[in-house]
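The exercises below ask you to read a fold and its charged pairs step by step. Keep the sequence and the coordinates open beside the text, and try each task before turning to its solution.

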Amino acid sequence: MPRHVAVIMDGNGRWAKKRFLPRVAGHVKGVELVREMVRACLERGVDYLTLFAFSSENWRRPAEEVSLLMQLFVKALEQEVEKLDRNGVRLRVIGDLSRFDPSLQQLIRSAEAKTEANSRLQLTIAANYGGRWDVMQAVNRMAIDQPERRGAWSECDLEPYLSMSFAPEPDLFIRTGGEERISNFLLWQLAYTELYFTQTLWPDFNTGEFDKAIASYQLRERRFGRTSEQLTGDPHA
Ligand code: IPE
Ligand code: IPE
Ligand code: MG
């Protein structure tokens with residue numbers, strides 16, 4: 001089982017369009033699939049689930065869609081946190097939250113605080129997140145903390161400052177909706193992650209689809225730069 005699964009939930013708009021519905025109907029359906037995904041991770045013993053909900057570039061969308069997405073985010077937080085807490089889920093939100101409404105920021109902070117003691121599943125929502133932003137905010141904070149080590153900073157020095165420092169790197173990355181790109185998601189952390197792309201649109205990505213992704217992951221050989229023989233323990237390797 002992958003310990004950490006990271007997902008770009010893409011295809012809500014196209015799902016709605018196919019049904020002659022407004023784009024927001026796809027996002028509403030998408031929230032339902034988040035619920036299903038969380039349940040599936042709890043059942044399968046996945047420890048970390050990280051979901052890309054809103055990228056730093058998504059502000060470029062029509063104001064009406066952005067506003068509806070924010071309302072959905074607020075509603076989901078208000079309605080789901082209690083249940084997440086009961087199921088032992090710890091919720092975190094990563095990204096540049098300063099651009100959100102103060103009331104939404106407050107809602108996020110209280111949801112994080114409420115679920116702080118849970119450890120069955122670590123659920124992370126990336127909102128106004130960008131992989132480049134993450135690396136830069138980490139570099140800036142490191143530079144302030146350790147100015148004397150300038151010129152000698154290492155990867156290990158930077159890692160504690162990254163937004164996902166609490167988690168192991170993702171084992172499995174899933175992107176639904178058919179595009180085969182990272183769209184500025186976890187750039188640093190995906191260095192050795194197994195990538196899985198599917199045409200299935202996010203609102204159709206049910207538990208059966210998730211199991212297909214896991215099955216694909218389980219067939220991969222993760223070499224991390226080594227040879228295949230080294231991994232299988234062949235004495236002649
Ligand atoms: C993903 O679905 C959800 C967000 C980016 C918030 P899209 O809204 O990108 O759906 P498509 O890609 O237009 O179908
Ligand atoms: C990526 O999807 C971001 C989220 C799913 C939140 P987009 O739909 O914004 O990505 P692009 O624009 O197709 O790369
Ligand atoms: Mg999209």
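**Exercise 1: the sheet**

In this predicted model, six strands form an open sheet with parallel pairing, in the order β3-β4-β2-β1-β5-β6. Determine which strands are the edge strands, how β1 and β5 pair, and which strands helix α7 lies across.

*Solution.* Begin at the ends of the order: β3 (89–94) and β6 (194–197) are the edge strands, since each of them pairs on one side only. From one strand to the next, the twist averages 20 degrees.

Next, turn to β1 (residues 4–8) and β5 (residues 172–175), which pair in the parallel sense over four bridges; in this pairing, Val7 stands opposite Ile174 in β5.

Finally, look for the helix on these strands: α7 (residues 207–218) lies across β1, β5 and β6, and runs at about 135 degrees to β5.

**Exercise 2: two salt bridges compared with their exposure**

Find the salt-bridge partner of Lys29 and that of Arg44, and decide for each of the four residues whether the side chain is buried, partly exposed or exposed.

*Solution.* Start with Lys29, whose salt bridge is formed with Glu32, the closest N and O atoms being 3.3 Å apart. Both residues belong to helix α2 (residues 23–44), where they are three residues apart, about one turn of the helix. Lys29 has 25% relative accessibility and therefore counts as partly exposed, and Glu32, at 39%, also counts as partly exposed.

Then take Arg44, which forms a salt bridge with Glu43 at a distance of 3.4 Å between the closest N and O atoms. Arg44 has 21% relative accessibility, so it counts as partly exposed, because the buried class requires a value under 20%. Glu43, at 59%, counts as exposed, since that class begins over 50%.

**Exercise 3: a charged network**

Which residues are linked with Glu179 and Arg181 in a network of salt bridges, and how many salt bridges does the count come to?

*Solution.* First establish the pair itself: the side chains of Glu179 and Arg181 meet in a salt bridge with an N to O distance of 3.8 Å, which falls within the 4 Å cut-off. Glu179, at 25% relative accessibility, counts as partly exposed, and Arg181 is partly exposed as well, with a relative accessible area of 47%.

Now extend the pair to the network, in which Glu179 and Arg181 are linked with Asp10, Arg14 and Arg175. Over the model, the count comes to 18 salt bridges.

Methods: Residues numbered from 1 in each chain as written. Chains lettered and ligands numbered in written order. Predicted model: local features only at pLDDT ≥ 70, side-chain atom pairs only at ≥ 80, totals over all residues. Heavy atoms only, no water. Pairing = 2+ DSSP bridges. Helix = DSSP H or I, 4+ residues; strand = E, 2+ residues; numbered from the N terminus. Axes fitted to C-alpha atoms, helices over the stretch in contact; angles between N-to-C directions. Contact = heavy atoms within 4.5 Å. Buried < 20%, exposed > 50% of the residue type's maximum accessible area, 1.4 Å probe, protein only.
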